[in-house]
Amino acid sequence: MMNISKIIGLEYYKFRHFKPFVIILGLYVFCFLISGLSIKSLLDWIMDKQKDDDALSYFIKNGIPLFDFVDIWQNLAWLATIFKWIPAFVIIISVTLEYSQKTIKQNIIDGLSKKEFLLSKLALVLVISIASALMLFILGMFLGLMYSPVNDLHYILENLEFVAAYGLEVFVFLCMAMFFAFWIQKSGVTIIIFLLYTACIEFILTSVMQFYYKVPVWYFPVEAINRIIRVPFQKYTLEFVHDRILIQDVAVALGWAGIFIFLSYWLLKKRDL
Amino acid sequence: MSETILLTNQLTKRFSSRILAVNELDLEVLKGQVFGILGPNGSGKTTTLGMLLGVVSRTKGEYSWFGKGDHYSLRKKIGAILEQPNFYPFLSAAQNMIVHSQIKDIKKPNTDELLKLVGLYERRNDPFKTYSLGMKQRLAIASALLSDPEVLIFDEPTNGLDPLGIAEIRQLILDIRDMDKTIIMASHLLDEVQKVCSHFAVLQRGKKIYTGSVSDALYKTNTVAITADNPDILQTVLQQCPGVKSIEREMEMVKIDLAEGWTASSLNTYLVEHGVHVNYIQQKKSSLEEKFLALLRENDNVPRIPIPNQS
């Protein structure tokens, strides 16, 4: 019964001529690529400014191995996570617009099931996540081949799981955005609350819990999403970092994705349109 | 026996402990009928249609489309517009029709043909947001016709339109009726139901208080209007006539309700026998409006509102 091409096609036909989407997604690609391509020159510039800093003397001599293969995938994946808010807006708008224009109601009347409607939004989430991972892969290959001293295929392909992890991180984050949109339904309010929660509220809450009460916070959604790809840069100051993806981090994040999808479905099912 | 298109059984929607929007509604719509659901604002018409179309959940009861139950895929064979036409504002008429046909699993939609039918072909590439309300309503009808549906549902299709728009939409509905389709239409405009529908049900506060065919409802009245040169004598004679149930005097005209078995012509014969010659005698068909208000009064003690004279 379920027809995948129909469900993906539906989103395509709905939004292919919607200018804001084209602009926002274009902005995403632009920010993503431009920042990736400019990091090198930015770091070179900082190093040049800090010539006399003793602490940095090692890096000044040897350069930061940011784009060396093996390291590059985690470094880039972590840097790219900052951009995941941009496609989140696309998801929020795509869901809330259906409510404000009441087209979701018409979709259901025309013979779409609520499940198919949710799946069509999920298809959009999935396509953006896969495209994001692909974009990261292309950028990584380009930068790596340009700057990395090691060009061995074996090293190139090592740690490639960080590309998939980036796709997963975007996926879970977009699922969260989708849930907020189904829950609140108004685009402006959804964007404000989503931004406040993901960028402020949870951060303050987890910081207080962690440092004040010493309570573990791994189960918070944004925390779980951020944990998939750990911050890699302390390793350059010889601190310990996780330079692998931990299976428990992936499990918690996937759990949240499941919860967000289920809650969206539950809200959709329960509410009259 | 005609094929049943829609059957509802004890359909009920309760929004809260205080608000019972639809109360144990039983309806049956047969193939080929133009079925009007009549009722004052807030009587549960839109809620009923919402339940039948899967956008409002039921509290109790069931419904069945085409005798096959309430599965969502059956709605692909129904063309429906609830309240306002809802489309993607940034897409053109043709692009919106593509989205609809994608949902309804139509491989080759006859978009152009339908847009010509509703007179939107010239504007098919303009975005929906630039359309007037009448055009939006016509696009809604075109997209409702996309899947060549067996049944069409309109919810107050002429609401908010100017007289020209109303006339256009009504003509379109009549054209669709002539395509041998079943139509279910909710309206509070009695005149509209009278002009368009073959059958109707009346809802009041969520309860069905009447159902039947429009022609039956219209012919049941026995009101006769009479004028004569001397209305006083006319009235006196009529008061003694056994066929007269009640008399009402409106200026020169006398309006009476006939008893069972009497017609305008037998009354005329009686009057001639008693020496009264009439200038004018006509058996009135009641308008649906009178019938409707009478029904509402019977079921509820609505204060009697003077009925504007429509002829």
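Modeller: Let's start with a rule: two strands count as paired if DSSP finds at least two bridges between them. Keep in mind that this is a predicted model.

Biologist: Then what makes strand β11 (residues 244-250) of chain B and β12(B) a pair?

Modeller: Six bridges link them. The rule asks for at least two, so β11(B) and β12(B) pair, and they do it in the antiparallel sense. One of the matches is B:Ser246, whose bridge partner in β12(B) is B:Asp257.

Biologist: What sits between β11(B) and β12(B)?

Modeller: Two residues, and the two strands form a hairpin. B:Met251, in the turn, has a positive phi of about 55°.

Biologist: And how do you know that strand β10 (residues 223-228) of chain B pairs with β12(B) too?

Modeller: Same test! DSSP must find at least two bridges, and β10(B) and β12(B) have four, so they pair, again in the antiparallel sense. Here B:Ile226 has B:Val254 of β12(B) as its bridge partner.

Biologist: Which side chains of strand β12 (residues 253-258) of chain B are buried, and which are not?

Modeller: B:Val254, B:Ile256 and B:Leu258 point to one face and are buried. B:Met253, B:Lys255 and B:Asp257 point to the other face and are not. To be called buried, a residue needs 20 or more other C-beta atoms within 10 Å of its own. The first trio therefore passes that cut-off and the second trio does not.

Biologist: Why would the side chains swap sides like that?

Modeller: In a regular strand they alternate between the two faces of the sheet.

Biologist: There's another sheet in chain B, with the order β2-β1-β4. Why are β2 and β4 said to stand at the edges?

Modeller: That sheet is open, with three strands and antiparallel pairing. β2 (20-30) and β4 (60-65) each have a single partner strand, so one side of each has no neighbour in the sheet. On average, neighbouring strands here are turned by 15° against each other, ignoring direction.

Biologist: What makes strand β1 (residues 4-14) of chain B a partner of β2(B)?

Modeller: Seven bridges join them, and they run antiparallel. With at least two required, β1(B) and β2(B) therefore count as a pair. If you want a spot to look at, B:Thr8 has B:Leu27 of β2(B) as its bridge partner.

Biologist: Over to chain A. How many helices and strands does chain A have?

Modeller: Twelve helices and zero strands. Chain B has ten helices and 13 strands.

Biologist: Why are α4(A) and α9(A) called roughly parallel?

Modeller: The axes of helix α4 (residues 71-80) and helix α9 (residues 161-184) of chain A cross at roughly 15° and come within 8 Å. Angles under 35 degrees count as roughly parallel, so α4(A) is roughly parallel to α9(A). The crossing is right-handed. α4(A) brings A:Trp73, A:Gln74, A:Ala77 and A:Ala80 to the contact, while α9(A) brings A:Phe162, A:Val163, A:Ala165 and A:Tyr166.

Biologist: How do those contact residues of α4(A) and α9(A) divide by class?

Modeller: Seven are nonpolar, one is polar and none is charged. Gln is not listed among the nonpolar or charged types, so A:Gln74 is the polar one.

Biologist: What about α9(A) and α12(A): why do they get called roughly parallel?

Modeller: The axes of α9(A) and helix α12 (residues 247-270) cross at roughly 25° and come within 9 Å. The limit is under 35 degrees, so this pair is roughly parallel as well. Their crossing is left-handed, though. Among the residues that meet are A:Phe171, A:Phe179 and A:Trp183 from α9(A), and A:Trp256, A:Phe260 and A:Leu267 from α12(A). The contact residues comprise 18 nonpolar, one polar and no charged.

Biologist: Last one: how many residues does each chain put into the contact between chains A and B?

Modeller: Chain B gives 24 residues and chain A gives 21. On the chain B side, helix α2 (residues 93-103) gives the most, with six residues. That side has 14 nonpolar, seven polar and three charged residues.

Key:
Residues are numbered from 1 along each chain as its sequence is written. Chains are lettered from A and ligands numbered from 1 in the order in which they are written. This is a predicted model: local features need pLDDT of at least 70, side-chain atom pairs count only at pLDDT 80 or more; totals for chains, interfaces and linings use all residues. Axes are lines fitted to C-alpha atoms, for helices over the stretch in contact, and angles run from 0 to 180 degrees between N-to-C directions. Angles under 35 degrees count as roughly parallel, over 145 as roughly antiparallel, 65 to 115 as roughly perpendicular and the rest as oblique. A crossing is left-handed if the near helix is turned anticlockwise from the far one by less than a right angle, and right-handed if clockwise. Two residues are in contact if their C-beta atoms, placed from the backbone, lie within 7 Å. A residue is buried if 20 or more other C-beta atoms lie within 10 Å of its own, exposed if 12 or fewer, and partly exposed in between; C-beta atoms are placed from the backbone.
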